[in-house]
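Visitor: Hi, I'm new to reading protein structures. Could you walk me through this one?

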Amino acid sequence: MNYNVDESGYYGQFGGAYIPEMLYPNIEELRENYLSIMAEPSFQAEFNDLLKNYVGRPTPLYFAKRLSERYYATIYLKREDLCHTGAHKINNTIGQILMAKKLGKEKIIAETGAGQHGVATATVCALMGMECIVYMGKLDMERQRPNVERMRILGTKVVPALSGNMTLKDATNEAMRHWINHPTDTHYIIGSVVGPHPYPDMVARFQSVISEEIKKQLQNEIGNPYPDYVVACVGGGSNAAGAFYHFLSDEHVNLIGVEAAGKGVDSGESAATTALGKAGVLHGSKTLLMQTADGQVIEPYSISAGLDYPGIGPMHAHLFETGRVQFINVTDDEAMNAGIELSRTEGIIPAIESAHAMAALKVMELTKDDVVVINLSGRGDKDLESYIRWGKY
Amino acid sequence: MENRITKLFARKKKNILSVFYTAGFPTLQDTVSIGIHLEAAGVDMIEIGIPFSDPIADGPTIQESNKIALNQGMNVELLLNQVAELRAKLKMPIVLMGYLNPVMQYGVEKFCTKASAAGVDGLILPDLPIDEYVKHYKELMESLNLSISFLISPTTPDARIKKIDALSSGFIYAVSSSSTTGAKKEFSKEQQDYFRKLQSFKLTHPFLIGFGISNHKTYSQACEYGAGAIVGSSFITCLKESKNQQEDIHQFVQSLIS
Ligand SMILES: Cc1ncc(COP(=O)(O)O)c(C=O)c1O
């Protein structure tokens, strides 16, 4: 079974590049060049150097002893929360800013929901001295004030998206519109494995360093690169793509994607795309999408702004359809409880997105010999307000 | 029966005025009456927009009309019924323009079949990739006598313009600038150079210039280079502010063409 993108940009029936003609030259330029640029030794050298000395990679694969005792299994946490800026998002923005430079672009735009991708983009733009505009839903700007100020401190202009419900989907719309209006000098750094081909593949490749490291680290730890399970949360799906990437063809490794059920899958306030979505086209690709019978996109809901997106990357739609990845979903409350549990057992306060991945432990049927790797995609600093508001600790 | 778009362009080589409006805006039932007023006012063709929740190629004016139409309950089924009603009262070509997703959910084949039966002459689906069209829908649309118009923009490479020309039927939609939809006051020198280039290509299909046409000046500039012009956002603004649609539509069209 092939789980990677094919030559025309598809993962099974999903993917492609469903874009207005005005964006065609940009996407085509990227499609023609991304693989060869990524293969250039000078690109590789700079990318690896920045990941090591700036981001702080490799991130630890931490054996969570107390958690393992509690769940009768061998549980490792991949500590993406220890990356510079506090989440895996920066693996992608480092890669894409180097890509933008190679393509001769002068300006950067990005969308952001929780603000993690916005901060990671603002950070690399400061690092490279490039002008940066980040679109963020007006509602999210109010919900995630500290990240807005972080971006501003870094010299980025944060523009409120005022259309739709003023959240991540609308910020993405605005970023695409900006790109249509500034097609030649600007690169759009998409924050997840979404968007038109080649974005999903390019972002997955930049994030694939996560599973590359897991394999090496597990080999050292247990003398075997293969865990029984890899677990990651799925918003658009970039941290999951990175954590799964090098295990996709190792079919004996069970891969679990955790989506946000919000207030419950059937509550009408959810972001569990594989449970609720149907094939559709949004933001340049054909994928599973939460939508009405009339094909209008439904506004999702999750306590976690980073999982609050009505679609998933096309590769995940394919991984879901083929059954290679098992998708489960957990509610706001289950995720928050798992976040508190991790804080109390291991002294790690996770991002609420990552807390969704932690909550999977409760529903997995584990035995003592099972080796589980959970991708801890980010740290909880940005979510302090949400933890406080939730209050049950 | 011969396609009304083909017939129009065979009869009229210059100064074609095509007007875009969003179905179900300003009120749900206006789709029909606006079309009738436009024909009476001397317009050559209409493009009716199928509203979508996430219109990424559109500026604020058309975005807002989409949102209002959807809130009022516009959908593909209702639109096709309105178009059938409109067709009974209208001679000019009717084009439906919309993003792919609502059409896909309705079912592309069912959509095309019903649209054709309702008297639609052509489609514009800005986010349908050309290769997808060729692979899955070309035969279907041809068999139903539905034309398809693809977009080109100032950044479209020359070779691709020719490919688009070869695959289009009816007319080509030349987007005037690298931008989303929205009214502009005049065209720059670069834009006019691009129009001249298109003219020099001697394409098989006529092209209409759209995006940014808002007044007599931009309309006549567009007509100088192309077969005519497409007006959208400024007409939506006219509708939004109108107290008497028949009179205001007449005035709007007059202000463009004379
Ligand atoms: C810490 C963290 N994890 C996960 C996500 C979800 O994104 P993705 O599914 O692309 O990894 C986000 C997005 O903001 C995030 O900040």
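Here is a short chat about the ligand, the two chains and a few backbone details.

Guide: Sure, just keep in mind that this is a predicted model. Ask away!

Visitor: Let's start with the ligand: how many residues surround it?

Guide: A residue joins the shell if one of its heavy atoms lies within 4 Å of the ligand. Among the closest are Ser192(A), Gly237(A) and Ser377(A). Counting the whole shell gives 19 residues.

Visitor: And which class do most of those belong to: nonpolar, polar or charged?

Guide: Let's go class by class. Around the ligand there are five nonpolar residues and three charged ones. Another 11 fall into the remaining class, which is polar.

Visitor: Which residue has a side-chain N or O atom 2.6 Å from a ligand oxygen?

Guide: A polar contact needs two N or O atoms within 3.5 Å, so let's check the candidates. Gly235(A) uses a backbone N or O atom, 2.7 Å from an oxygen of the ligand. Asn239(A) does use a polar side-chain atom, but at 2.8 Å from a ligand oxygen. The pair at 2.6 Å involves the side chain of Ser192(A).

Visitor: How much of the ligand's accessible area does the protein cover?

Guide: On its own, the ligand has 390 Å² of accessible area. It sits in the largest cavity. The share covered by the protein is 97%.

Visitor: On to chain A: what is its radius of gyration, and does that agree with a compact globule or disagree?

Guide: Chain A has 16 helices and 14 strands, and its C-alpha atoms fill a box of roughly 55 × 45 × 40 Å along the principal axes. For 393 residues, a compact globule would come out near 21 Å. Chain A agrees with that, at 19 Å.

Visitor: What about chain B, what radius of gyration does that one have?

Guide: Chain B is built with 12 helices and nine strands. The globule rule gives 18 Å for its 258 residues, and chain B comes close, so it is as compact as a globular protein of that length. Its radius of gyration is 17 Å.

Visitor: Where in chain A is Pro58(A)?

Guide: Pro58(A) is worth a look, as the peptide bond to it from Arg57(A) is cis, with omega near -5°. Helix H2 (41-55) comes before Pro58(A) and strand E3 (61-63) after. That puts Pro58(A) in the loop between H2 and E3.

Visitor: Last one: which residue has a positive phi although it is not a glycine?

Guide: Look at the loop between strand E11 (278-282) and strand E12 (285-289) of chain A. The residue there has a phi of about 50°. Its name is His283(A).

Note on methods: Residues numbered from 1 in each chain as written. Chains lettered and ligands numbered in written order. Predicted model: local features only at pLDDT ≥ 70, side-chain atom pairs only at ≥ 80, totals over all residues. Heavy atoms only, no water. Polar contact = N/O pair within 3.5 Å; in protein donor to acceptor, adjacent residues only side chain to side chain. Areas by Shrake-Rupley, 256 points an atom, 1.4 Å probe, with all protein chains shown as cover. 1 Å grid on protein atoms, 1.4 Å probe; cavity = no way out; pocket = protein on both sides within 12 Å on 5 of 7 lines; lining within 4 Å. Sits in = over half its atoms within 2 Å of the grid points. Nonpolar A, V, L, I, M, F, W, Y, C, P; charged D, E, K, R; others polar. Helix = DSSP H or I, 4+ residues; strand = E, 2+ residues; numbered from the N terminus. Rg over C-alpha atoms; globule rule 2.2 N^0.38 Å.
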